[in-house]
Amino acid sequence: MIGADGANSIVRKQMGVDNFSLSYNQMGLIATVELSEVTDNQVAWQRFLPNGVIALLPLSENLSSIVWSTNTEIVKHLLSLPEESFIDAVNDAFWKQYPKNQIVSNAMKTVESVLGNFSSVRQLPPGIKSLYGKSRAAFPLGFGHTSTYAAKGCVLIGDAAHRVHPLAGQGLNLGFGDVKLLTELLADAAYKGTPLGNLQHLCTYERERLQHNVPIMLGIHGLQRLYSTDFSPIVLLRSVGLQLVNTIPPLKQLFINKAMH
Ligand SMILES: Cc1cc2nc3c(=O)[nH]c(=O)nc-3n(C[C@H](O)[C@H](O)[C@H](O)COP(=O)(O)OP(=O)(O)OC[C@H]3O[C@@H](n4cnc5c(N)ncnc54)[C@H](O)[C@@H]3O)c2cc1C
């Protein structure tokens, strides 16, 4: 088992596994930030911006983690900013009002009048005071998937097998799912006295994880494409879709369940 890119390609080569990959021409800027006020800080925030996505993920009462996925050029600029200007840019990303597409706004008013406006009281993201330590870093973003996960005596798990855009916060979850299933299958094999490298249970791992991972990966890739355009019909489609998910509780629960497993 191995899980990082340089070493991965050697292992994949030895296994005879192909790797499909594409670059989003984006980078994910991460940073730990201090909030302006101490709060419960139990809510994760995400905002889709015209040129990317920014998320604020709680770490403690006064610290949160930022993941800002955007064009490589913008990330390089953000990395080069003095700390104060960087924090201004982050606050701006969460608070700035962008001009709205009038066609979409009018259509959404109609949709809301049909569905009813079920939105609860609008909460606001916390303000950000400062950067915590020297915590700014950035990573290139891409999609990647190997043709198989298993060969005799060897399996791929986590990002070694599948890489997704961080906009849905699912990359690590997919890897945890791989580990959980693999350890269960290996424990079962050990209990039955079967050699651990036996292809039979490694292929079971591969089959079950492919069934789980591929639809999620395609969904995340689809979302990334969906939010990479300002073409009015697509903006309308995604706005109506979000509104439907928000107002139909079973649909909302379905998405929450999928994100948690
Ligand atoms: C900007 C960004 C934001 C993200 N945000 C989220 C999020 O909010 N939620 C989420 O679920 N996922 C997120 N992800 C995805 C998540 O980080 C990855 O899916 C996860 O880290 C993959 O774990 P891994 O162990 O498979 O690989 P890695 O985390 O890449 O770990 C591999 C390890 O192997 C080490 N290594 C490499 N080569 C060798 C070698 N030759 N010998 C020994 N060690 C070696 C590396 O140093 C590294 O520590 C994000 C990813 C990015 C880039």
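Buried means under 20% relative accessible area, exposed over 50%, and partly exposed in between, with a 1.4 Å probe and protein chains only. The model here is predicted, so local features need pLDDT of at least 70 and side-chain atom pairs count only at pLDDT 80 or more, while totals for chains, interfaces and linings use all residues. Residues are numbered from 1 along each chain as its sequence is written, and side-chain values use heavy atoms, leaving out hydrogens and water.

**Exercise 1. Get an overview of the protein chain.**

Step 1. Start with burial: of the 261 residues in the protein chain, 38% are buried.

Step 2. Next come the elements, taken as DSSP runs numbered from the N terminus (helices are H or I with at least four residues, strands E with at least two). The protein chain has eight helices and nine strands.

Step 3. For dimensions, the C-alpha trace spans about 60 × 45 × 35 Å along its principal axes.

Step 4. Contact means heavy atoms within 4.5 Å. Among contacts with a separation of 6 or more, 70% join residues 24 or more positions apart.

**Exercise 2. Work out what surrounds R136.**

Step 1. Locate R136: the loop between β5 (128–131) and β6 (137–146) holds this residue.

Step 2. Look for a charge partner. A salt bridge needs a side-chain nitrogen of Lys or Arg within 4 Å of a carboxyl oxygen of Asp or Glu; Lys and Arg count as positive, Asp and Glu as negative, and His and the chain ends are not counted. R136 is buried but has no salt bridge, and E83, the nearest side chain of opposite charge, is 5.0 Å away.

Step 3. Turn to the backbone. A polar atom of the R136 side chain lies 2.9 Å from the backbone oxygen of L81, and the backbone oxygen of L79 lies 3.4 Å from a polar atom of that side chain.

Step 4. List neighbours beyond four places in sequence: the contacts of R136 include L29, I30, F86, L131 and P82.

**Exercise 3. Is P82 buried or exposed?**

Step 1. Place P82 in the loop between α2 (72–80) and α3 (83–95).

Step 2. Its relative accessibility is 51%, so P82 counts as exposed.

Step 3. For a distance check, the C-alpha atoms of P82 and L63 are 20 Å apart, with these positions 19 residues apart along the chain.

**Exercise 4. Which helix gives the most to the nonpolar patch?**

Step 1. Name the members: L244, I248, L251, L254 and F255 form this surface patch.

Step 2. Helix α8 (residues 249–260) gives the most, with three residues; L254 has its place there.

Notes. Polar contact = N/O pair within 3.5 Å; in protein donor to acceptor, adjacent residues only side chain to side chain. Patch = residues over 30% accessible without salt bridge, like charges linked within 9 Å, V, L, I, M, F, W, Y side chains within 5 Å. Areas by Shrake-Rupley, 256 points an atom, 1.4 Å probe, with all protein chains shown as cover.
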